[in-house]
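Student: I would like a close look at a single part of this structure, namely one chain and its aromatic side chains. Please set out the overall build of that chain before turning to the rings.

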Amino acid sequence: MGSFGESLTTALNLIGGADPKLAEIVLLSLQVSLLSVLFAALMGLPLGAALAVGRFPGRQVITVVLNGFMGLPSVVVGLLVYLLLSRAGPLGEYGLLFTPGAMVIAQTVLITPLMAALTRQIVEDAWREYREQLRSLGATTPRAALTLLWDARFSLFVAVLAGFGRAASEVGAVMMVGGNIDGVTRVMTTTIALETSKGDLPLALALGLILVALILAVNAAAHVTRQWALRHYG
Amino acid sequence: MNLKRRILLAACAALWLGAFPVQARDKFIVVASTTSTEQSGLFGHILPLFEQKTGIKVRVVALGTGQALDSARRGDADVVFVHDKAAEEKFVAEGFGVKRQDVMYNDFILVGPKDDPARVAGGRDITGALKKIEAANATSGAAAPRAPFVSRGDKSGTHAAELRLWKLAGIDIEKAKGPWYKDTGSGMGPALNTAASTDAYVLADRGTWLSFKNRASLAIVVEGDTRLFNQYGVILVNPAKHPHVKKELGQQFIDWIVSAEGQKAIADYRIGGEQLFFPNATK
Amino acid sequence: MSGANDVFPLVLEAVSFRARDRTIIDRVSLAMDRGVRTVILGPNGAGKSVLMRLMHGLLAPSSGRITWRGRERRPEAQAMVFQRPVVLRTTAHANVAYGLKLAGVPGAERMARAAAALERVGLAHLAGRPAKVFSGGEQQRLALARAWALEPRVLFLDEPTASLDPAAARDVERIIGEIASTGCKIVMTTHNLGQARRLADEVVFLDSGRVTEYTPAGAFFRNPRSVEADAYIKGELL
């Protein structure tokens, strides 16, 4: 318990002192996770909507596979992306391995199934309510999908925040494809792993507390958004 | 909607530009090295000096020795800097490296619990100590091994050294190991963590030990045996195999690290006043 | 917007609809003309809602043909209002404009027609408010505005006042009457016989998927020809 108190003090000192190294790590973590969620949403939202309203062969299979991929182990994704981006691999010529770009790619691969599966569920529920009216108004299926995505925007926003939380907490994939290079690809989670393995537990715990606080803030934002939207938009 | 969309696009552009291309514009090389070397803090000390002199940023990817060499084989690094001479020479012989050069050595130490159940403390004979540890466990029961031993078991340079020493001590560790021998498959730090929490003996590199903060009741029990010396080598990844390798910049790094200036930088690195690495590049 | 003759008569020829081994609509044949306000009556489970959806084109018949002025192509100038109003999570004005956008109406005209439609149903003062927070009556009026703005030739209404309080129901009836008076054909189902009496010009009586009567409203209420219709009217009055 003494070590916990020590860690808390260390954490507060780091934050209060605006330690530049810490700021660099936090900023990179945010950049990587935000970009990943953005790309994952750009791909996952249309895919989820298509699965919700579309009627095409293989739809059931894709849905099941997608739901399964929601729980993809991050180390597996990390390994696959590593093999893809390595110089010896198919995309090696771009020299992306051990760069933040590789981390964004890995996290995007990890989060897209989650975005698509959550979107599918949300849009499917909305479709059930709106289908007849939209058809009556003459909406084509693609048009209806877009309308539903916009209509469900607040629920989707919360889903996107969930994706961000998953990305920000992830360590296996970014460690492997980023290489945890000091000043280049070192993010909060990989720093925590590093400090723990160095035996510097107070510092690791301090960083952990900051990360948890960040995730909590994101969830609070989600909750507040939901409440505000309900009040103003119904 | 148009304004919102424009703001969103601008934010994305800012995110991307803010994160990445600045780094891409620097001159840099990727050096594959080991976790123990990085965790010792050596790179934090010498690399800024190199960058100041040449303007080249060094990106160290810290892996186990086996993985570092493997990365280099795949062409994912420009230079390797590890401590397993046999594996390094094999690497060059296979054609993946240009030339292997000695850079420095550090030493391993045997670390153990203060109450020293195997009675090895203060000695300078590593093989003798290992024999005593094995003997102490041979007589104790499986449930409560008298002298547990933690092994890294991860094909690292440290792990390779440990296995060599068991062999030198005349012990076939594959046969002799029992519940007292904990094969953790982990890096140096985690292995030390495990040893600290289970009061076990462990072979460690001095650098990681000196920066290790979670010692519990562990202390150095055996050091100074010349067989504990750990030789580091540096190799340029062969551009013939991987044309994209930054051979000029990489060679600059190698030239610097074996030069008088680089060697002095290595010698100057201390933890708590103690020198960790001893430069020995041949002229 | 060439003559209202373009799409009528709406003819159903021996139309059946089967789902999950049940025959919901059984060989219904009808010919419906413009201008007349048609009310479909029948007990629960008779298939009234399914019949409406078949006519509107939301469902395809399992057998038989549905033609509009001899053509099988479903005309666009029609709209439907459902028992539970479905509104989008946006302003009332945007809801109406959405329907117009789907119909291909250009921007400025969209805005004008949407505003006018809201005015006609008495929602102009709520045009900029989010539709989801409206009361049931307001949402149903919004649905009517959305339909009306499209200038449909025929408007289908599936029990439009069943979920509303009497005052709101009266408003909706009034609006339906106004829409009818602009020349749009009304096809409606209801359980409210008083409402049927007020609004219907002709009655289609549906029982177990079959049309047992298709007569002018006055004749139907005074003197229903079928036993089922007679029982139904008496039952509803109890």
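Tutor: The model is predicted, and the chain examined here is chain B, whose secondary structure amounts to 13 helices and twelve strands. Measured out along the principal axes, its C-alpha atoms occupy a box of roughly 75 × 55 × 40 Å. Chain B has 283 residues, and 53% of them count as buried. Taking the contacts in chain B between residues at least 6 apart in sequence, 73% are made by residues at least 24 apart.

The surface and the charges come next. Chain B exposes about 12400 Å², of which carbon and sulfur atoms contribute 56%. Its side chains include 37 positive and 30 negative ones, and 5 Å separates the centres of the two sets.

Now to the rings. Over all chains, a search of the whole structure yields 21 aromatic pairs. One of them is formed by B:Y105 and B:F278: the ring centres lie 5.4 Å apart and the planes meet at 25°, so the pair is stacked. The angle decides the class here, because planes under 30 degrees apart count as stacked. This pair links distant parts of the chain, since B:Y105 belongs to strand 4 (residues 97-113) of chain B and B:F278 to strand 12 (residues 278-279), with the two positions 173 residues apart in sequence. As for solvent exposure, B:Y105 has a relative accessible area of 23% and is therefore partly exposed. B:F278, with a relative accessible area of 29%, is likewise partly exposed. Both assignments rest on the cut-offs, because buried requires under 20% and exposed over 50%.

A further aromatic grouping in chain B brings together B:F43, B:F81, B:Y232 and B:F277, which form one cluster. Chain B also shows a charge placed over a ring: the charged end of B:R215 sits over B:W209, at 4.2 Å from the centre of that ring. An arrangement of this kind is found in chain C as well, where C:R120 lies over the face of C:W148, 4.1 Å from the ring centre.

Finally, the surroundings of chain B deserve a word. Two pairs of chains touch, and of these, chains A and B share the most contacts. Chain B and chain C, by contrast, do not touch, their nearest C-alpha atoms being 13 Å apart.

Definitions and conventions. Residues are numbered from 1 along each chain as its sequence is written. Chains are lettered from A and ligands numbered from 1 in the order in which they are written. This is a predicted model: local features need pLDDT of at least 70, side-chain atom pairs count only at pLDDT 80 or more; totals for chains, interfaces and linings use all residues. Side-chain values use heavy atoms; hydrogens and water are left out. Helices (H or I, at least four residues) and strands (E, at least two) are DSSP runs, numbered from the N terminus. Buried means under 20% relative accessible area, exposed over 50%, partly exposed in between (1.4 Å probe, protein chains only). Contact means heavy atoms within 4.5 Å. Accessible areas come from the Shrake-Rupley method with a 1.4 Å probe; for residues, only the protein chains shown count as cover. Lys and Arg count as positive and Asp and Glu as negative; His and the chain ends are not counted. The place of a charge is taken as NZ of Lys, CZ of Arg, CG of Asp or CD of Glu. Rings of Phe, Tyr and Trp (its six-membered ring) pair if their centres lie within 6.5 Å; planes under 30 degrees apart count as stacked, over 60 as edge-to-face and the rest as tilted. A charge sits over a ring if NZ of Lys or CZ of Arg is within 6 Å of the ring centre and within 35 degrees of the ring normal.
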